[in-house]
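Here's a quick tour for anyone opening this structure for the first time. Take a look, then read on for the main points.

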Amino acid sequence: MAAIEAENLRRTYKQTSGFLRRRTKTIEAVRGIDFAVDEGELFGLLGPNGAGKTTTIKMLVTLLIPTSGTARVLGSDVVDDARTVRRKIGYVFGGDRGAYERLSGLDNLRYFSELYGVPPKVQKQRIPELLELVGLTGRERERVEGYSRGMRQRLHIARGLLHDPPVIVLDEPTIGLDPVGARELRHTIAELARAGKTVLLTTHYMYEADALCDRIAVIAKGEIVATGTPAHLKSAVADRTVIEIEAYGAPEDAIRRLRDAPGVTSVAVEDREHAQLLLVQAPQGSVLTQQLLGHLDGVRVGRVTAREPTLEDAYVSLVTEN
Amino acid sequence: MSVAVRNRMSYGRDQRLRQTLRIFFHGGYFSYRALFNWQSPRFYVPTMLAGPAFQVLFFAYLGRYSHVRDDAFYVVGNAVQVSGMSGVFGVAITVGGERWTQTLAPLLATPANRMALFLGRALPHIVNGFIVSAFGFAIGRLLLDFHPGLGTIPELAVVVLLSTTTCTAFGLVVGALGLRWRDVFTIANPAYFLMLLFCGVNIPLSALPKWMQVVGSGMPLTHGIAAARRVAHGASLSSVDGLIGKEALIGLCYFAAAYVLLRVFEAEGRRRATLELV
Ligand SMILES: Nc1ncnc2c1ncn2[C@@H]1O[C@H](COP(=O)(O)OP(=O)(O)O)[C@@H](O)[C@H]1O
Ligand SMILES: [Mg+2]
């Protein structure tokens with residue numbers, strides 16, 4: 001049995017605007033996705049902002065009802081058997097809100113222990129263990145309002161583990177953390193997987209998914225566009241070249257011309273401080289740099305380099321080509 | 001860490017009951033500290049003691065000035081109603097405040113029994129409301145012409161505790177509405193003054209237009225205040241059992257309404273994403 005299964009899972013949001021003439025807009029946040037996470041697996045749901053990651057997670061933790069399709073956690077349906085699902089799953093969300101500011105970290109954990117029905121004797125043993133795991137030992141009696149972003153994030157993790165759930169979902173857990181804090185957090189997540197937990201993680205950082213996950217599903221605009229191991233995803237672009245062009249003020253239509261140029265598979269634009277970096281992907285040997293520059297006629301161009309594709313490029317091509 | 005798993009397997013009815021009771025009592029206590037910011041003396045003294053004391057004095061002197069009723073009438077009415085400071089504002093904040101702290105998502109992601117979770121939040125406010133009322137009575141005793149017999153005090157306390165409880169149930173309804181419609185204060189403020197007008201606090205219900213009497217008879221405190229006035233004049237509890245019964249019944253209705261509203265809003269939130277769950 002898979003730890004998490006989603007079948008044709010779909011969720012729309014209805015937004016009404018206007019006072020007298022009410023208009024209803026339907027937003028297709030998740031458009032019928034399928035995936036399965038095996039027990040003990042560390043699975044990544046990777047996608048840009050607005051791809052539908054949080055919506056998917058909220059359906060799995062029973063906070064949102066799917067518009068259609070089904071999802072099960074260790075065999076329990078997230079709608080019909082919501083209470084069982086809540087006992088089996090630990091939910092950790094990103095960002096620094098969501099704890100009771102006026103309570104100490106310890107009291108936050110004690111309160112949620114009660115809500116998860118953890119008996120007092122077990123609490124006495126587990127809460128210090130979890131504080132140790134997330135590195136909050138010694139600070140647990142301070143009010144959360146004085147906690148740094150990283151400490152709050154780590155408190156969220158401890159809270160998600162209070163009832164010792166076999167399945168843990170983390171929604172962008174490293175968002176807003178400094179590099180050192182993020183690295184420590186990733187270390188903690190890896191440790192959870194090593195301890196036998198099933199972990200589902202969402203992120204919009206390719207390298208994070210690469211470093212942590214056994215398998216990745218790439219989600220874009222509410223649809224899963226690829227699933228596989230990091231190596232497998234990378235092999236999809238293995239036969240390509242990436243040409244990086246530094247440009248100054250390239251207009252939209254120049255970029256469009258580049259995108260439509262024969263042989264070019266994708267063009268991603270990254271804005272740098274003074275320049276734009278155009279990342280052009282093309283099959284190896286299919287285009288000459290000279291030809292590409294021809295499409296940028298009149299645009300001031302800086303350094304041009306060609307290199308091997310990375311996993312990041314695989315991700316960019318998956319998200320932009322679909 | 002598999003202790004919990006084993007515990008869950010051997011989950012008796014007993015243990016589940018114990019868990020629910022712990023959510024009710026301990027959970028109520030934590031939520032009070034977590035969400036109610038009037039615990040520190042800096043907030044508690046002005047809002048829970050000074051404000052109510054001024055309300056009691058204001059209406060008693062207004063009554064003296066207009067020669068309508070004696071001090072006791074105003075002291076009892078207002079001392080019971082000031083429990084709304086806790087029972088309406090306090091409770092509404094501990095329920096509706098989940099929106100500000102953005103803790104609704106983790107809260108509703110727990111399997112906790114919702115009845116215990118939400119009704120447990122009322123408990124500390126019942127106790128606090130009783131203290132606020134007692135202080136109101138003490139002000140009346142010390143500064144005004146209010147001198148109930150010593151023997152009436154225990155019976156008066158019973159009526160006041162019941163009224164505080166009913167008022168708190170009403171506050172849960174207000175909190176539930178606030179949770180759904182964004183701001184608790186826009187609902188709690190009018191609710192408090194609504195009670196001042198419709199519950200016979202300063203104006204006997206019989207002096208109000210018919211429709212106001214109808215509204216008043218369905219409000220919390222109305223029957224409790226009437227009972228408290230008689231008991232303070234020396235009537236026995238059994239002689240006001242009709243009023244007490246009605247007050248208790250109204251309280252139960254508000255508790256039930258609050259529970260149903262919170263469940264409906266939770267279900268609606270999951271369906272329509274209306275509670276802005278994160
Ligand atoms: N409560 C909501 N009401 C309306 N639209 C929403 C709501 N929540 C999310 N959306 C929209 O649904 C899409 C997916 O959002 P989300 O699941 O939060 O994406 P992600 O977590 O991957 O950034 C986005 O277009 C977002 O604007
Ligand atoms: Mg998100």
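Let's begin at the ligand: a polar side-chain atom of A:Thr55 lies 2.5 Å from an oxygen atom of ligand 1. Keep in mind that this is a predicted model. From the ligand we'll move to where chain A and chain B touch, and then to two helices of chain B.

**Around ligand 1**

- Besides A:Thr55, the residues surrounding ligand 1 include A:Tyr13, A:Gln15, A:Ile27 and A:Ala29.
- The run A:Pro48, A:Asn49, A:Gly50, A:Ala51, A:Gly52, A:Lys53 and A:Thr54 is also among the residues around ligand 1.
- The backbone joins in too: an N or O atom from the backbone of A:Gly52 sits 3.0 Å from an oxygen atom of ligand 1.
- For A:Lys53, a backbone N or O atom is 2.8 Å from an oxygen atom of ligand 1.

**Where chain A meets chain B**

- On the chain A side, 39 residues are in contact with 46 residues of chain B.
- Together the two chains bury about 3900 Å², with 58% of it on carbon and sulfur atoms.
- Within chain A, the residues losing the most area to chain B are A:Leu63, A:Tyr100 and A:Glu114, which together make up 17% of what that side buries.

**Polar and charged links across the interface**

- How many salt bridges does the rule find between chain A and chain B? There are 2.
- A salt bridge joins the side chains of B:Arg33 and A:Asp107, at 2.7 Å from N to O.
- Polar contacts across this interface come to 14 residue pairs, counting those with both residues at pLDDT 80 or more.
- Several elements of chain A each bring at least two residues to the side touching chain B: strand S1 (4-17), helix H2 (82-88), strand S6 (89-93), helix H3 (105-115) and helix H4 (120-133).
- Sorted by type, that side of chain A has 20 nonpolar, 5 polar and 14 charged residues.

**Two helices of chain B**

- Helix H10 of chain B covers residues 152-180, and its 29 residues should span 42 Å at 1.5 Å a residue. Its end C-alpha atoms are 42 Å apart, so the two figures agree.
- Just past H10(B), B:Arg182 has a positive phi of about 75°.
- Helix H14 of chain B takes in residues 241-272; at 1.5 Å a residue, those 32 residues should span 46 Å. The end C-alpha atoms of H14 are 45 Å apart, which agrees.
- Right after H14(B), B:Ala273 takes a positive phi of about 55°.

Key:
Residues numbered from 1 in each chain as written. Chains lettered and ligands numbered in written order. Predicted model: local features only at pLDDT ≥ 70, side-chain atom pairs only at ≥ 80, totals over all residues. Heavy atoms only, no water. Contact = heavy atoms within 4.5 Å. Buried area = accessible area lost by both parts, 1.4 Å probe. Salt bridge = Lys/Arg side-chain N within 4 Å of Asp/Glu carboxyl O. Polar contact = N/O pair within 3.5 Å; in protein donor to acceptor, adjacent residues only side chain to side chain. Helix = DSSP H or I, 4+ residues; strand = E, 2+ residues; numbered from the N terminus. Nonpolar A, V, L, I, M, F, W, Y, C, P; charged D, E, K, R; others polar. Expected span 1.5 Å × (residues − 1). Near = heavy atom within 4 Å.
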